[in-house]
Amino acid sequence: MSRSVLQHWTKEANRLLVNKKIVQVRYMTDEEQKAFSWSNKAVVLQLDDGTLLFPSADDEGNDAGALHYIKDGEPDFCIPVILNL
C-alpha cells in the first residue's frame, strides 16, 4: 500500500471518528441484515452523531465480521458474529 493511500484513509478515519462517543451497542436488526443481504448479524456501534459502525467480512461488505478488542497491546476478546441457524 502506498504511503499516500495510507495517509488519505488515516485522515478520513480521523475525520469521521475522532472525538465521537459511542452511545449504543447492539446487534443488527433483521431489517438491517436483510438490507445488506447478509447471512449473519454483526455488532453495531452507534455514535453520538447518529453514525452506525459495524464490522464486515471484507471491504465489499459481503457478510458480517467479528470485532476484535485489544487492550494494553494484548488481544483481550472478540465480539462475535451472530450466526443465523
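These legends describe close-up views of a predicted model.

**View 1. Phe 36, Trp 38 and Phe 54 form one aromatic cluster.**
Four aromatic pairs turn up in a search of the whole structure. In one of them, the ring centres of Phe 36 and Trp 38 lie 5.1 Å apart. Their planes meet at 40°, so this pair is tilted. The angle falls between the limits of 30 degrees for stacked and 60 for edge-to-face. Trp 38 also pairs with Phe 54, and here the geometry is edge-to-face. The centres are 5.6 Å apart, with 75° between the planes. Trp 38 thus appears in both pairs, with Phe 36 and with Phe 54.

**View 2. Trp 38 and Phe 54 link distant parts of the chain.**
Trp 38 and Phe 54 make an edge-to-face pair. Trp 38 sits in the loop between α2 (30–35) and β2 (40–41). Phe 54 sits in the loop between β4 (52–53) and β5 (67–71). The two residues are 16 residues apart. Trp 38 is buried, at 6% relative accessibility. Phe 54 is partly exposed, with a relative accessible area of 30%. Phe 36, the other member of the cluster, is also partly exposed, at 38% relative accessibility. The cut-off for buried is under 20%, so Trp 38 qualifies at 6%.

**View 3. Lys 41 of strand β2 is shown with its surroundings.**
Lys 41 is buried, with a relative accessible area of 12%. Its side chain makes a polar contact of 2.6 Å with the side chain of Asp 30. A polar contact of 2.8 Å joins the side chains of Lys 41 and Gln 33. Leaving aside residues up to four places away in sequence, Lys 41 touches Tyr 27, Met 28, Thr 29, Asp 30 and Gln 33, among others. Further along the chain, its contacts include Ala 64, Val 81, Ile 82 and Asn 84.

**View 4. Asp 30 and Lys 41 form a salt bridge.**
The closest N and O atoms of the pair are 2.6 Å apart. Asp 30 lies in helix α2 and Lys 41 in strand β2, so the salt bridge ties together parts that are 11 residues apart in sequence. One partner is exposed: Asp 30 has a relative accessible area of 55%. The other is buried: Lys 41 stands at 12% relative accessibility. The cut-off for exposed is over 50%, so Asp 30 qualifies at 55%.

**View 5. Glu 32 and Arg 26 meet in a salt bridge.**
The side chains of Glu 32 and Arg 26 come to 2.8 Å, N to O. Arg 26 counts as partly exposed, at 22% relative accessibility. The search of the whole structure finds four salt bridges, including this one between Glu 32 and Arg 26.

**View 6. Asp 49 and Lys 20 bridge two loops.**
Asp 49 forms a salt bridge with Lys 20. Their closest N and O atoms are 3.0 Å apart. The pair links distant parts of the chain, 29 residues apart. Asp 49 is in the loop between β3 (43–47) and β4. Lys 20 is in the loop between α1 (3–17) and β1. Asp 49 is partly exposed, at 43% relative accessibility. Lys 20 is partly exposed too, with a relative accessible area of 32%.

**View 7. Ile 22 lies in strand β1.**
Strand β1 covers residues 22–27. Ile 22 is partly exposed, at 47% relative accessibility. Beyond residues up to four places away in sequence, Ile 22 touches Leu 45, Gln 46 and Leu 47. The C-alpha atoms of Ile 22 and Gly 50 are separated by 9.6 Å. Along the chain, Ile 22 and Gly 50 are 28 residues apart.

**View 8. Leu 16, Leu 17 and Leu 53 make a nonpolar surface patch.**
The patch has an area of about 230 Å². Leu 53 belongs to strand β4. Leu 53 is partly exposed, with a relative accessible area of 30%.

Methods:
Residues are numbered from 1 along each chain as its sequence is written. This is a predicted model: local features need pLDDT of at least 70, side-chain atom pairs count only at pLDDT 80 or more; totals for chains, interfaces and linings use all residues. Side-chain values use heavy atoms; hydrogens and water are left out. Rings of Phe, Tyr and Trp (its six-membered ring) pair if their centres lie within 6.5 Å; planes under 30 degrees apart count as stacked, over 60 as edge-to-face and the rest as tilted. Buried means under 20% relative accessible area, exposed over 50%, partly exposed in between (1.4 Å probe, protein chains only). Helices (H or I, at least four residues) and strands (E, at least two) are DSSP runs, numbered from the N terminus. A polar contact is a pair of N or O atoms within 3.5 Å; within protein, one must be able to donate a hydrogen and the other to accept it, and residues adjacent in sequence count only if both atoms are side-chain atoms. Contact means heavy atoms within 4.5 Å. Patches are made of residues with over 30% relative accessible area and no salt bridge: like charges are joined within 9 Å, nonpolar side chains (Val, Leu, Ile, Met, Phe, Trp, Tyr) within 5 Å. Accessible areas come from the Shrake-Rupley method with a 1.4 Å probe; for residues, only the protein chains shown count as cover.
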